[in-house]
Amino acid sequence: MSYYTKTRSLTYSYLISMPLLLVYEVLIYITQPDPATAIRLSADIWLKSIFAFTGQNTFVITILVALVLGIYVFYRERYKRHSFHGNYFLGMILESLAYAVILASLISGFVTWLFAFVQSSGSVPTGLQQFTLSLGSGLYEELVFRVILVGALLWLFERLQIKAGARKTGAIIIGALIFSAVHYMGALGDVFTLTSFTFRFLFGVALNLVLIYRGFGIAAWTHSLYNLMLLFVWN
């Protein structure tokens, strides 16, 4: 199979996403040891609140869920002949970087991206915390707003027997609208402006396209690398 076909598989997406998960979770634990005052991402908090019902340490539960998910992915694709190529993983990161540069270049003069941090206190994130949250947003926001949300929309439209083209278009647009709107909800939501809403919508559309045509792994890395460029280059 070609690079394009292999890197769209669940196996490659899972493996390329694991470094983002591990680095984010470890850095969150190191830089914010007190959960009561931690600054986290909205998507992260939503998922962790589900894990909290178990009464166990959410970090441990997160890692266990990731391992179980990995077992499921490898089992589901067990009949596919995956010959792993290290250069493919490098290619996926470089491809994600290319997408991130294109997105940043297209919108740098349009609007400044506002990170969606959830703060349980009035503290300002340190440089390392901003780096950590930039990495994590690529993973967790892509998981919630792309894999779960867009995946659910595609499933719903398929059950409604909507044609494939319209199904994808509807999921991409509706998913991007919801992704943008969520940033303004709740007491800690951003102040609504048409400019930021439009940007987030277009950003969501772009990442939805990456998800559908290139897979979750590249979408997550594109988002994370884009955030890091805004943090270190365009900031």
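**Notebook: helix packing and selected residues**

**Entry 1. Thr 126**
I first looked up Thr 126, which counts as partly exposed because its relative accessibility is 42%. I note that the model is predicted. Thr 126 belongs to the loop that joins β2 (117–119) to α6. I then checked a partner distant in sequence: Thr 31 is 95 residues away along the chain, and the two C-alpha atoms are separated by 8.9 Å.

**Entry 2. The chain as a whole**
I listed the secondary structure and found nine helices and two strands. In sequence order, the elements read α-α-β-α-α-α-β-α-α-α-α. The chain has 235 residues, and 46% of them count as buried. I also looked up the contacts with a separation of 6 or more; 79% of these come from residues 24 or more positions apart.

**Entry 3. The nonpolar core**
Which residues have the most contacts inside the largest nonpolar core? I found Tyr 140, Phe 203 and Tyr 226, in a core of 51 residues. Helices α2, α3 (42–52), α4 (58–76), α5 (86–107), α6 (127–159), α7 (164–182), α8 (194–214) and α9 (216–232) each supply at least two residues of this core.

**Entry 4. Helix α2 and its kink**
I turned to α2, which covers residues 10–31 and has 22 residues. From first C-alpha to last, α2 reaches 31 Å, close to the 32 Å expected at 1.5 Å a residue. Where does α2 kink? The kink lies at Ser 17, is about 30°, and comes shortly before the proline Pro 19.

**Entry 5. Partners of α2**
I looked up two packing partners of α2, beginning with α9. The two helices pack at an angle of about 30°, and their axes are 7 Å apart. This angle makes α2 roughly parallel to α9, because angles under 35 degrees count as roughly parallel. On the α2 side, the contacts involve Ser 13, Ile 16, Ser 17, Pro 19 and Leu 20. On the α9 side they involve Phe 216, Gly 217, Ala 220, Trp 221 and Ser 224. I note that Ser 17, the site of the kink, and Pro 19 both belong to this contact set.

With α4, the packing angle of α2 is about 170° and the axes are 10 Å apart. The two helices are therefore roughly antiparallel. The residues of α2 that meet α4 include Leu 10, Tyr 14, Leu 15, Met 18, Leu 21, Leu 22 and Val 26. Among those they meet in α4 are Phe 59, Ile 63, Ala 66, Leu 67, Gly 70, Val 73 and Phe 74. I also recorded Glu 25 in α2 and Arg 76 in α4 as members of this interface.

**Entry 6. Two buried residues of α6**
Is Arg 146, in helix α6, buried or exposed? It counts as buried, because its relative accessibility is 0% and the cut-off for buried is under 20%. Leaving out residues up to four places away in sequence, I found that Arg 146 touches Glu 141, Gly 151, Phe 179, Gly 204, Leu 207, Asn 208, Leu 211 and His 223.

Phe 145 is also in α6. Phe 145 is buried, with a relative accessible area of 5%. Beyond four places in sequence, its contacts are Trp 46, Val 150, Phe 179, Val 182 and Asn 208. Phe 179 and Asn 208 thus appear in the contact list of Phe 145 and in that of Arg 146. I further noted Ile 178, which is 33 residues from Phe 145 in sequence and 8.2 Å from it, C-alpha to C-alpha.

**Entry 7. Helices α7 and α8**
I checked the span of α7: its 19 residues reach 27 Å, close to the expected 27 Å. In α7, Gly 170, Ala 171, Ile 172, Gly 175, Ala 176, Phe 179 and Ser 180 are buried. These buried residues pack against α6 and α8.

For α8, 21 residues at 1.5 Å a residue should span 30 Å, and the end C-alpha atoms are indeed 30 Å apart. Just after α8, I found Gly 215 with a positive phi of about 100°.

**Entry 8. Loop residues**
I looked up Gln 161, in the loop between α6 and α7. Its phi is near 60°, a positive value in a residue other than glycine. Most residues other than glycine have a negative phi. Gln 161 counts as exposed, at 72% relative accessibility.

Lastly, I looked up Lys 80, in the loop between α4 and α5. Lys 80 is partly exposed, with a relative accessible area of 44%. Its C-alpha atom is separated by 9.8 Å from that of Lys 6, which is 74 residues apart from it along the chain.

Key: Residues are numbered from 1 along each chain as its sequence is written. This is a predicted model: local features need pLDDT of at least 70, side-chain atom pairs count only at pLDDT 80 or more; totals for chains, interfaces and linings use all residues. Side-chain values use heavy atoms; hydrogens and water are left out. Helices (H or I, at least four residues) and strands (E, at least two) are DSSP runs, numbered from the N terminus. The expected span of a helix is 1.5 Å times one less than its number of residues. The bend at a residue is the angle between axes fitted to the seven residues ending there and the seven starting there. A nonpolar core is a set of buried Ala, Val, Leu, Ile, Met, Phe, Trp, Tyr and Cys residues joined through side-chain atoms within 4.5 Å. Buried means under 20% relative accessible area, exposed over 50%, partly exposed in between (1.4 Å probe, protein chains only). Axes are lines fitted to C-alpha atoms, for helices over the stretch in contact, and angles run from 0 to 180 degrees between N-to-C directions. Angles under 35 degrees count as roughly parallel, over 145 as roughly antiparallel, 65 to 115 as roughly perpendicular and the rest as oblique. Contact means heavy atoms within 4.5 Å.
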